Amino acid sequence: MTLHQSIHQDANLAGLLTIRPLTIDDLAQARTLHAEAFRFSARTVFPDADFAAALLQITTPEYTDHLATLALYGGFMDDSLVATAGWTPLRDHDGTSENAAAEIAAVAVAPIFTDAGLGRRMVAEVEAQAGAAGNRRFQVRATPHAVPFF
């Protein structure tokens with residue numbers, strides 16, 4: 001039995017996740033998690049040049065700046081960040097917030113925990129937080145390889 005199979009035998013793994021808002025001090029760890037998750041899930045989906053460019057983009061300070069604009073949450077197993085998801089108010093073309101709408105973004109799960117329900121739990125938490133802020137409509141930003149998740 002592989003470690004991945006062993007982990008997934010615990011049907012309540014998502015219930016062990018501790019979720020909290022991420023701080024500026026957590027963003028480097030979040031960026032690393034996003035790069036690992038992208039390497040794992042997107043390698044066979046994108047042409048080599050596109051894959052390399054996207055992976056490089058995740059490592060830039062601009063990507064960290066983007067993460068800092070989100071209400072970003074982290075899912076932790078013990079002290080390890082294993083999942084993220086965030087939200088931001090959805091903007092009209094003129095830059096103003098759309099009425100009661102939020103965009104879900106930055107959903108990532110550590111490769112060892114894929115298919116264990118952590119992504120669903122993170123998205124549910126982010127939707128609840130965005131809903132508590134008055135949002136009633138949601139839009140997801142996702143790369144093509146992640147669309148089946150949603």
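Is glutamine 29 buried, partly exposed or exposed? Select it and take a look: at 37% relative accessibility, glutamine 29 counts as partly exposed. Before going further, keep in mind that this is a predicted model.

**Stop 1: around glutamine 29**

Glutamine 29 sits in helix H2. Now add leucine 81 to the selection. The two residues are 52 positions apart along the chain, yet their C-alpha atoms are separated by 7.2 Å. Show the surroundings of glutamine 29 as sticks, and, leaving out residues up to four places away in sequence, you should find that it touches Asp79, Ser80 and Leu81.

**Stop 2: zoom out**

Switch to cartoon and colour by secondary structure. The protein chain has five helices and five strands. Trace them from start to end and you get α-β-α-α-α-β-β-β-α-β. Of the 150 residues in the chain, 42% count as buried. Contacts reaching across the sequence are easy to come by here: take those between residues at least 6 apart, and 68% of them join residues at least 24 apart.

**Stop 3: H2 against H3**

Select H2, residues 27–42, and then H3, residues 48–58. Their axes are 9 Å apart and the helices pack at an angle of about 165 degrees. That angle makes H2 roughly antiparallel to H3. The crossing of this pair is right-handed.

Bring up the side chains where they meet:

- From H2, pick Arg31, His34, Ala35, Phe38, Arg39 and Ala42.
- From H3, pick Phe51, Ala54, Leu55 and Ile58.

Colour this H2–H3 set by residue type and it divides into seven nonpolar, one polar and two charged.

**Stop 4: H2 against H4**

Keep H2 on screen and swap H3 for H4, residues 61–68. The axes of H2 and H4 come within 10 Å and cross at roughly 110 degrees, so H2 is roughly perpendicular to H4. The crossing of H2 and H4 is right-handed.

The side chains to show for this contact are:

- Leu27, Ala30, Arg31 and His34 on the H2 side.
- Pro61, Tyr63, Thr64, Leu67 and Ala68 on the H4 side.

By type, the residues of the H2–H4 contact divide into six nonpolar, two polar and one charged. Arg31 and His34 may look familiar: they are listed in the contact of H2 with H3 and also in the contact of H2 with H4.

**Stop 5: into the core**

Next, hide the cartoon and look at the nonpolar side chains. The largest nonpolar core has 39 residues, and those with the most contacts inside it are Leu67, Phe113 and Leu118. Leu67 was on the H4 side of the previous stop.

Which elements give two or more residues to this core? They are H2, H3, H4, strand S2 (71–77), strand S3 (80–91), strand S4 (97–109) and helix H5 (118–132). The largest share, six residues, comes from H2.

Centre the view on leucine 118. Setting aside residues up to four places away in sequence, leucine 118 touches Leu13, Ala14, Leu17, Met77, Val82, Ala83, Val109 and Phe113. Phe113, in that list, is another of the residues with the most contacts inside the core.

**Stop 6: arginine 20 on strand S1**

Jump to arginine 20, which lies in strand S1 (residues 18–21). Arginine 20 is partly exposed, with a relative accessible area of 33%. Draw a distance from its C-alpha to that of glycine 74: these two residues are 54 apart in sequence and 5.6 Å apart in space. Ignoring neighbours within four places in sequence, arginine 20 is in contact with Asp26, Leu72, Tyr73, Gly74 and Phe76.

**Stop 7: two aspartates with positive phi**

Finish in the loops. Select aspartate 78, in the loop between S2 and S3. Its phi is near 55 degrees, a positive value in a residue other than glycine. Aspartate 78 is exposed, with a relative accessible area of 78%.

Then move to aspartate 115, in the loop between S4 and H5. Here phi is near 65 degrees, again positive in a residue other than glycine. Is aspartate 115 buried or exposed? At 70% relative accessibility, aspartate 115 counts as exposed.

Notes:
Residues are numbered from 1 along each chain as its sequence is written. This is a predicted model: local features need pLDDT of at least 70, side-chain atom pairs count only at pLDDT 80 or more; totals for chains, interfaces and linings use all residues. Side-chain values use heavy atoms; hydrogens and water are left out. Axes are lines fitted to C-alpha atoms, for helices over the stretch in contact, and angles run from 0 to 180 degrees between N-to-C directions. Helices (H or I, at least four residues) and strands (E, at least two) are DSSP runs, numbered from the N terminus. Angles under 35 degrees count as roughly parallel, over 145 as roughly antiparallel, 65 to 115 as roughly perpendicular and the rest as oblique. A crossing is left-handed if the near helix is turned anticlockwise from the far one by less than a right angle, and right-handed if clockwise. Contact means heavy atoms within 4.5 Å. Ala, Val, Leu, Ile, Met, Phe, Trp, Tyr, Cys and Pro count as nonpolar, Asp, Glu, Lys and Arg as charged, and the others, Gly among them, as polar. A nonpolar core is a set of buried Ala, Val, Leu, Ile, Met, Phe, Trp, Tyr and Cys residues joined through side-chain atoms within 4.5 Å. Buried means under 20% relative accessible area, exposed over 50%, partly exposed in between (1.4 Å probe, protein chains only).
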